[in-house]
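Grab a pencil and work through these short exercises with the structure on your screen. Try each task before you read its solution.

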Amino acid sequence: MTYRIQVAPAAVRQLRKLDAAARRRVQAAIELLADHPRPSGAKKLVGGDGEWRVRTGDYRIVYEIHDDVLLVLVVAVGIAATSTSTASKRSVLPLGERVHTRRSDAGS
């Protein structure tokens with residue numbers, strides 16, 4: 001099965017910022033995801049919404065796999081040290097809600 005590749009607008013902007021050699025290398029890795037969306041070096045991100053990452057050289061590609069429609073959606077591209085943190089979707093509390101933690105009653 002061959003998956004269709006889509007690149008999110010943010011990832012397109014990130015690709016444009018890479019030098020020509022790095023861009024070609026990353027684009028080649030993205031194209032390979034069409035035939036093998038879960039290559040041997042790919043890892044599923046923990047705590048996200050099912051994103052995967054794969055490295056190519058010093059760069060990381062963060063993507064989603066939609067098996068039901070045979071789609072690979074590239075959501076971020078960047079230097080391996082920073083791309084996962086910028087691509088991950090943090091859960092945010094609605095405005096006005098607080099996180100309550102229980103304090104120990106050791107002093108009572």
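Keep in mind that this is a predicted model.

**Exercise 1.** Find out which side chains meet in a salt bridge, and which parts of the chain they tie together.

*Solution.* Start with the count: the structure holds 1 salt bridge. Its partners are Asp 67 and Arg 38, with 2.6 Å from N to O. That passes the test, because the cut-off is 4 Å. Now place the two partners. Asp 67 sits in the loop between strand E4 (59-66) and strand E5 (71-79), while Arg 38 sits in the loop between helix H2 (20-32) and strand E2 (43-44), so the pair links parts 29 residues apart in sequence.

**Exercise 2.** Decide how Asp 67 and Arg 38 count: buried, partly exposed or exposed.

*Solution.* Buried means under 20% and exposed means over 50%. Asp 67 has 38% relative accessibility, so it counts as partly exposed. Arg 38 comes out at 39%, so it is partly exposed too.

**Exercise 3.** Explore the largest nonpolar core and pick out a residue that touches many of its members.

*Solution.* This core has 19 residues, and Val 26 is one of those that touch the most other members. Helix H1 (9-17), H2, strand E3 (51-56), E4 and E5 each give two or more residues to the core. Next, skip the neighbours of Val 26 within four places in sequence: its contacts are then Leu 15, Leu 18, Thr 56, Tyr 59, Ile 61 and Val 77.

**Exercise 4.** Work out what is unusual about the phi of Leu 70.

*Solution.* Most residues other than glycine have a negative phi. Leu 70 isn't a glycine, yet its phi is positive, at about 50 degrees. You'll find Leu 70 in the loop between E4 and E5.

Note on methods. Residues are numbered from 1 along each chain as its sequence is written. This is a predicted model: local features need pLDDT of at least 70, side-chain atom pairs count only at pLDDT 80 or more; totals for chains, interfaces and linings use all residues. Side-chain values use heavy atoms; hydrogens and water are left out. Helices (H or I, at least four residues) and strands (E, at least two) are DSSP runs, numbered from the N terminus. Buried means under 20% relative accessible area, exposed over 50%, partly exposed in between (1.4 Å probe, protein chains only). A nonpolar core is a set of buried Ala, Val, Leu, Ile, Met, Phe, Trp, Tyr and Cys residues joined through side-chain atoms within 4.5 Å. Contact means heavy atoms within 4.5 Å.
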